[in-house]
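Please walk through this protein from its interior outward, following a few chosen residues and the elements around them.

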Amino acid sequence: MGILKNHLVEECDPRLPGYLSHSVKEAYRVLHDLINANPVLKNKEMRYAYGHIRKALVDTSIRIVLENSDIPCKIERKAVSSIKNGYEHTMLEVKGAIISPSVTRNKKALPKKALHRSTNSIKNAQFDLFHTVEDLNEKYDENTPPYMLLTYGDKNYQLQYVELGLPDISSERWIEKVDITQSLVLVTDKSDESTIQKELDLSLTALAEELLRGAQDGTENI
């Protein structure tokens, strides 16, 4: 068992991979429901908006699923720029991990370079065998939760994979990745699963309609 697989089993909630995978799948389901229900989105000129809508749906779906589960989780959305309603990155803090979701162009690729990812990747010094950490101002050791990237990708907006990855401290290569696409949602109470699904359907549908209005009038800025 690899270092990341071992960490997920020993230090994280065993239900986490299933919930994260389910969140991304639900976001894509709503994206395609939105496209199929609104012919205007099938116009070539509208495809530029798909990526913005996808990101918003994935981030929102993750928040809804985890907040309605009994997995202790702190979720933050932090602005990348000072632009009002500009781009924000989502950060999850759960038992044993700090996680950011991001789309990638393929399974081997890292997300595009970003300051928040590079900064947080320093937390992985304890796992990194290829970088010295003597010059770091803070001490990152076995008591520091590792920083993971929840990556997902598609082909023509059809979901292909969902993975958890451990980037090195420079956020330039993968230490290890785990495919969680087929991870199952483990629930002890079927009513919990039903509650989560209802909340997803209501919230994501409302968000999708809001995003569609923004895409149609050209004001979306997610």
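Ile99 is found in strand β3, and in this predicted model Ile99 counts as buried because its relative accessibility is 0%, where burial requires a value under 20%. Leaving aside neighbours within four places in sequence, Ile99 is in contact with Leu16, Leu20, Thr90, Met91, Leu92, Val94, Met148, Leu150 and Leu164. One of these partners, Leu150, is 51 residues away from Ile99 in sequence, yet the two C-alpha atoms are 6.5 Å apart in space.

Several of these names return when the nonpolar interior is considered as a whole. The largest nonpolar core has 46 residues, and those with the most contacts inside it are Leu20, Leu57, Ile99, Met148, Leu150 and Leu164. The elements that contribute two or more residues to this core are the helices α1 (3–11), α2 (16–37), α3 (50–67) and α5 (190–217), together with the strands β2 (88–94), β3 (97–103), β4 and β5. Of these, α2 gives the most, with ten residues. Apart from this core lies another, of six residues, among them Leu110, Tyr147, Leu149 and Trp174.

Leu20 shows how such a core residue is surrounded. Not counting residues up to four places away in sequence, Leu20 touches Ile62, Leu66, Leu92, Ile99, Leu150, Leu164 and Ile180. Its partners thus include Ile99, and Leu20 in turn appears among the contacts listed above for Ile99.

How are the helices α2 and α3 arranged with respect to each other? Two packed helices are described by the angle between their axes and the distance between the axes. For α2 and α3 the angle is about 140 degrees and the axes are 8 Å apart; because an angle over 145 degrees would be needed for a roughly antiparallel pair, and 65 to 115 degrees for a roughly perpendicular one, α2 and α3 are oblique to each other. The crossing in which α2 passes α3 is right-handed. Where α2 meets α3, the residues of the contact divide into 17 nonpolar, three polar and two charged.

From the helices, attention can pass to strand β5, where Val162 has its place. Val162 is buried, with a relative accessible area of 0%. Not counting residues up to four places away in sequence, Val162 touches Ser21, Val24, Leu150, Thr151, Tyr152, Val178, Asp179, Ile180 and Thr181. Of these, Ser21 lies 141 residues from Val162 along the chain, while the C-alpha atoms of the two are separated by 6.2 Å.

Ser21 is also a partner of Ser183, a residue of the loop between β6 (174–179) and α5. With a relative accessible area of 24%, Ser183 is partly exposed. Once neighbours within four places in sequence are left aside, Ser183 is in contact with Pro17, Gly18 and Ser21. From Ser183 to Tyr19 the separation is 164 residues in sequence and 8.2 Å in space, C-alpha to C-alpha.

Another loop, the one between β4 (147–155) and β5 (158–167), holds Asn156, and Tyr157 is found in that loop between β4 and β5 as well. Phi of Asn156 is near 55 degrees, a positive value in a residue other than glycine, and Tyr157, although not a glycine either, has a positive phi of about 65 degrees. Which of the two terms, buried or exposed, applies to Asn156, and which to Tyr157? Asn156 counts as exposed, because its relative accessibility is 61% and the threshold for that term is over 50%. Tyr157 counts as buried at 17% relative accessibility, because that value is under 20%.

These local views can finally be set within the whole chain. The secondary structure of the protein comes to five helices and six strands, which follow the pattern α-α-α-β-β-β-α-β-β-β-α when read along the sequence. Of the 222 residues in the protein, buried residues make up 50%. Among contacts between residues at least 6 apart in sequence, 65% join residues at least 24 apart. The pairs Ile99 and Leu150, at 51 residues apart in sequence, and Val162 and Ser21, at 141 residues apart along the chain, illustrate separations of this kind.

Key
Residues numbered from 1 in each chain as written. Predicted model: local features only at pLDDT ≥ 70, side-chain atom pairs only at ≥ 80, totals over all residues. Heavy atoms only, no water. Helix = DSSP H or I, 4+ residues; strand = E, 2+ residues; numbered from the N terminus. Buried < 20%, exposed > 50% of the residue type's maximum accessible area, 1.4 Å probe, protein only. Core = buried A, V, L, I, M, F, W, Y, C linked by side-chain atoms within 4.5 Å. Contact = heavy atoms within 4.5 Å. Axes fitted to C-alpha atoms, helices over the stretch in contact; angles between N-to-C directions. Parallel < 35°, antiparallel > 145°, perpendicular 65-115°, else oblique. Left-handed = near helix turned anticlockwise from the far one by under 90°. Nonpolar A, V, L, I, M, F, W, Y, C, P; charged D, E, K, R; others polar.
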